[in-house]
Amino acid sequence: MTEQEKQVLAFAAAKKGKRFGDGECWTLVERALESAKAVTSTDIHGSELANTVDYVWGEEITIGAAGPGDIIQFEDGWNFTRTVSKPDGAEQYKTKGVRGHHTAIVERVITRGIALKIISQNLPVGTGVASMDFYFAPTTFKEGENTVEITVSGVATFYRPRRKP
């Protein structure tokens with residue numbers, strides 16, 4: 001973990017349970033990068049941007065390289081569905097992670113290349129800073145006797161914070 005990643009993660013973790021700034025996901029990430037003396041989206045784009053722009057947050061990396069303190073930019077109606085079925089095939093419950101345009105920070109790797117715990121705010125809209133598990137690749141696995149199936153769609157781009165020159 002780079003020093004910038006450590007500081008970004010520490011900043012975001014300290015805000016858990018609260019609404020930070022104006023409550024937007026961008027604000028949490030932008031201010032976390034500022035606090036870490038890392039390049040921000042404003043530095044890269046030249047100004048603060050509307051929430052319809054595809055933000056860039058540093059050096060683009062793969063999900064397999066993503067780790068704590070890295071940034072995720074969700075686009076194009078990002079969606080994952082987690083379906084849990086009982087041994088007899090009956091669906092027990094479904095949960096969804098849905099967001100068209102959202103920014104988050106990686107808190108920890110759950111399964112490299114497949115699942116990450118993220119920190120963000122305004123997901124769902126109006127909520128404060130919180131952690132949640134997010135899936136990035138389709139997979140099926142067992143949880144006790146139940147079968148869990150994950151499906152995903154949309155685009156998620158991963159960035160490693162860069163130190164300001």
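**Entry 1: two residues with positive phi**

I began at Asn 122, which is buried, with a relative accessible area of 6%. I then looked up its backbone and found phi near 70°, a positive value in a residue other than glycine. Asn 122 sits in the loop between β5 and β6. I note at this point that I am working on a predicted model, so that each value here is computed from that model.

In the loop that holds Asn 122 I also checked the peptide bonds, and the one from Leu 123 to Pro 124 is cis, with omega near 0°. Pro 124 lies in the loop between β5 and β6 (130-135).

Which other residue did I look up for a positive phi in a residue other than glycine? I turned to Lys 37, whose phi is near 55°, and which is found in the loop between α2 and α3. Buried or exposed, I asked of Lys 37? Lys 37 is exposed, with a relative accessible area of 62%, whereas Asn 122 is buried.

**Entry 2: confidence**

Before going on I looked up the confidence of the prediction: the chain averages a pLDDT of 89, and 93% of the residues score at least 70. Among the elements of the chain, strand β3 (residues 91-99) has the lowest mean pLDDT, 69, while α1 has the highest, 96.

**Entry 3: helices α1 and α2**

I took α1 next, which runs over residues 3-14 and has twelve residues. From its first C-alpha to its last, α1 reaches 17 Å, close to the 16 Å expected at 1.5 Å a residue. I listed its buried residues as Gln 4, Glu 5, Val 8, Leu 9, Phe 11 and Ala 12. Looking down the axis of α1, I see these buried residues fall within an arc of 160°, so they line one face of the helix. What covers them includes the helix α2 (25-35) and, among the strands, β2 (71-85), β4 (102-111), β5 (115-120) and β8 (146-160).

How many of the eleven residues of α2 are buried? I find eight, and α2 is thus mostly covered. The buried residues are Cys 25, Trp 26, Thr 27, Leu 28, Val 29, Glu 30, Ala 32 and Leu 33. Their cover includes α1 and α3 (41-45), together with β2, β4 and β5. Lys 37, the residue with positive phi noted above, follows α2.

**Entry 4: the nonpolar cores**

I then asked where the nonpolar side chains gather, keeping in mind that in soluble globular proteins such side chains tend to be buried together. The largest nonpolar core has 21 residues, and those with the most contacts inside it are Ile 72, Phe 74, Leu 116, Ile 118, Phe 134, Phe 136 and Phe 158. The elements that give two or more residues to this core are β2, β4, β5, β6 and β8, and β2 gives the most, with five residues.

I followed one of these residues, Phe 136, outward, leaving aside its neighbours within four places in sequence. Phe 136 is in contact with Ile 63, Ile 72, Phe 74, Trp 78, Ile 114, Leu 116, Val 152, Ala 156 and Phe 158. Apart from the largest core lies another, of 19 residues, among them Ala 32, Ala 36, Trp 57 and Ile 105. I had already met Ala 32 among the buried residues of α2.

**Entry 5: aromatic pairs**

The structure holds eight aromatic pairs, and I looked up two of them. Phe 74 and Phe 134 form a tilted pair, at 5.2 Å centre to centre and with 50° between the planes. This pair links distant parts of the chain, with Phe 74 in strand β2 and Phe 134 in strand β6, 60 residues apart. Phe 74 counts as buried at 0% relative accessibility, and Phe 134 is buried as well, with a relative accessible area of 3%.

Phe 80 and Tyr 135 form an edge-to-face pair, at 5.3 Å centre to centre and with 65° between the planes. Phe 80 lies in strand β2 and Tyr 135 in strand β6, so the pair ties together parts that are 55 residues apart in sequence. Both Phe 80 and Tyr 135 are buried.

Which aromatic residues form one cluster with these? I find that Phe 74, Phe 80, Phe 134 and Tyr 135 form one aromatic cluster with Phe 136 and Phe 158.

Key. Residues numbered from 1 in each chain as written. Predicted model: local features only at pLDDT ≥ 70, side-chain atom pairs only at ≥ 80, totals over all residues. Heavy atoms only, no water. Helix = DSSP H or I, 4+ residues; strand = E, 2+ residues; numbered from the N terminus. Expected span 1.5 Å × (residues − 1). Buried < 20%, exposed > 50% of the residue type's maximum accessible area, 1.4 Å probe, protein only. Arc of directions from axis to C-beta. Contact = heavy atoms within 4.5 Å. Core = buried A, V, L, I, M, F, W, Y, C linked by side-chain atoms within 4.5 Å. pLDDT = per-residue confidence, 0-100. Phe/Tyr/Trp six-rings, centres within 6.5 Å; stacked < 30°, edge-to-face > 60°.
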